[in-house]
Amino acid sequence: MDDPTTVPPALEAVGLGKQYRGDWALRDCDFAVPAGRICGVVGPNGAGKSTLLGLAARLLAPTEGELRVLGEPATAPELRARVAYVAQDKPLYPGFTVAETLRLGSELNPAWDDEMAQQIVEQGELKQRARIGSLSGGQRTRVSLALALGKRPDLLLLDEPMADLDPLARHQLMGTLMAEAAERGTTIVLSSHILPELDGVIDFLLLVQRGRIRLAGDLEDILDGHQLLTGPAEAAGADALPAEVLVEQRVGGRRATALVRTGEPLDGPWEGGRPGLEDLLLGYLRAPAATGPGTTPGEATPMNDEVAA
Amino acid sequence: MVRAPDTPRVRLDPRAAVGHHSTIELVKGRNAVIEYRIERRSGVSTYQQIVQQTKQALRLGLLQPGDKLPTAREVVELTAINPNTVLKAYRELEREGLVEPRPGLGTFVRRSLARPEAAADGPLRADLVGWVDQAREAGLEREDIAALMASVLEQRFDTGVSPATPN
């Protein structure tokens with residue numbers, strides 16, 4: 001891994017916003033994803049995840065604010081060779097064969113790694129002469145990832161890459177992605193709905209909710225800065241836990257469960273500890289975005305410390 | 001993608017890759033040296049699992065001084081975990097003086113944790129085998145024996161009782 005102090009962030013957003021026909025899909029986004037990280041972009045449907053990836057891939061232009069990619073303004077033409085993007089709908093030419101699609105990749109990319117691309121296709125036992133249009137969704141995903149990895153990018157942007165893959169293919173391709181990151185220090189930014197798929201894979205988190213960045217930072221730091229508490233149901237109530245740290249609480253039977261945004265012990269009949277990734281994400285996704293800490297980007301909330309870290 | 005010809009080959013068992021665990025088997029010559037099994041839902045962090053499994057292999061003598069640990073790339077290709085996690089686990093093992101990185105070559109075992117007293121043909125093991133047989137004859141199931149053993153270990157180690165002072 002490179003020294004993070006000399007390598008510019010893979011993505012750096014300042015006041016980034018994107019508006020479609022009057023509606024803001026993303027607004028007031030400030031974050032930096034350091035180079036060499038595996039970053040998960042998580043959030044409910046319509047939160048702005050695909051817009052965020054589209055901006056990073058330079059398919060979309062920001063309405064306001066600034067986005068730098070690998071230290072360059074997002075409009076810099078030299079980024080084209082250094083960034084690979086796999087869109088959610090995996091756009092490929094349906095009339096091309098697998099072989100023709102990879103040939104196109106080799107013609108269009110000066111640093112093309114044919115061995116890498118072929119290996120990914122062979123691992124899925126795809127026939128070279130098969131037409132893209134005749135492949136299943138999961139097989140098209142495999143060809144798309146072969147194209148993206150064959151390009152040997154410094155930044156790999158993947159929008160819901162694993163959704164239509166079977167468990168074996170998902171495991172193989174995630175292993176291939178991780179090996180690429182290990183060998184070349186590739187930064188990978190991937191969005192996913194499948195929370196367990198990200199556990200053990202990502203080391204950086206961007207939580208997007210209603211077009212805002214709710215959490216951004218090193219995953220271990222974020223988990224250390226939260227607790228999942230349980231206590232008697234009576235302990236849950238309007239003033240039971242300080243509002244400035246309470247993310248979400250629920251009462252089930254005689255027990256109450258609360259996710260709080262502090263690593264410090266709290267007064268009261270609560271016990272608990274560091275949440276897992278899934279506990280953390282579900283807590284935030286269940287909480288209404290209008291309440292809780294860290295909902296107002298730009299203010300001096302703990303979130304900004306994590307963004308700066 | 002270029003592998004040196006003498007680099008240990010890593011083989012994936014496709015049956016092991018389905019679901020939330022996976023197996024890595026490092027083959028040196030023809031003998032498996034270490035196998036990491038990552039359980040995603042065990043509650044133990046991935047990094048701790050690698051540290052613990054390496055130490056276990058050192059205790060059992062499966063890993064010996066001079067053996068090479070699999071590279072981060074080899075581990076993550078088959079387990080699909082974050083490479084930084086593997087590096088973190090190896091750094092922890094290095095801090096404890098168990099392994100050392102050799103630049104450009106890999107990470108190598110420095111020190112064994114194997115205790116000759118605990119060897120397969122040692123008297124301690126023979127005593128324990130005799131005791132377990134006795135417990136089974138007395139009607140204890142595997143779980144009963146494990147619970148009893150855990151309870152005694154806790155009593156003897158965690159309450160500060162030293163072996164020299166019998167109760």
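**Cores and helix packing in a predicted model**

Colleague: Which residues does I188(A) touch, not counting residues up to four places away in sequence?
Modeller: This is a predicted model, where local features need pLDDT of at least 70 and side-chain atom pairs count only at pLDDT 80 or more, while totals for chains, interfaces and linings use all residues; side-chain values use heavy atoms, without hydrogens or water. Residues are numbered from 1 along each chain as its sequence is written, and chains are lettered from A and ligands numbered from 1 in the order in which they are written. A contact is a pair of heavy atoms within 4.5 Å. With that exclusion, I188(A) touches R37(A), I38(A), C39(A), L156(A), L158(A), L177(A), M178(A) and A181(A).

Colleague: Which helix gives the largest share of the largest nonpolar core?
Modeller: A nonpolar core is a set of buried Ala, Val, Leu, Ile, Met, Phe, Trp, Tyr and Cys residues joined through side-chain atoms within 4.5 Å; buried means under 20% relative accessible area, exposed over 50%, partly exposed in between (1.4 Å probe, protein chains only). The largest core has 73 residues, and L177(A), I188(A), I202(A) and L205(A) touch the most other members. Its largest share, 7 residues, comes from residues 167-184 of chain A, that is, helix α5.

Colleague: How many residues are in the other core, with A47(A) and L53(A)?
Modeller: That core lies apart from the largest one, and A57(A) and L70(A) are also among its members. Its residue count is 31.

Colleague: Within what arc do the buried residues of α8(A) fall?
Modeller: Helices are DSSP runs (H or I, at least four residues; strands are E, at least two), numbered from the N terminus. In α8(A), residues 277-286, the buried ones are L277(A), L280(A), L281(A), G283(A) and Y284(A). They line one face of the helix, because the arc they span, taken from the directions from the helix axis to the C-beta atoms, is within 160 degrees.

Colleague: Are α3(A) and α4(A) roughly parallel or roughly antiparallel?
Modeller: Axes are lines fitted to C-alpha atoms, for helices over the stretch in contact, with angles from 0 to 180 degrees between N-to-C directions. Here the axes are 8 Å apart, at about 165 degrees. Under 35 degrees counts as roughly parallel, over 145 as roughly antiparallel, 65 to 115 as roughly perpendicular and the rest as oblique. α3(A) and α4(A) are therefore roughly antiparallel.

Colleague: How are α4(B) and α5(B) oriented to each other?
Modeller: Their axes come within 10 Å and cross at roughly 125 degrees. The contact includes W131(B) of α4(B) and L148(B) of α5(B). By the angle, therefore, the two helices are oblique.
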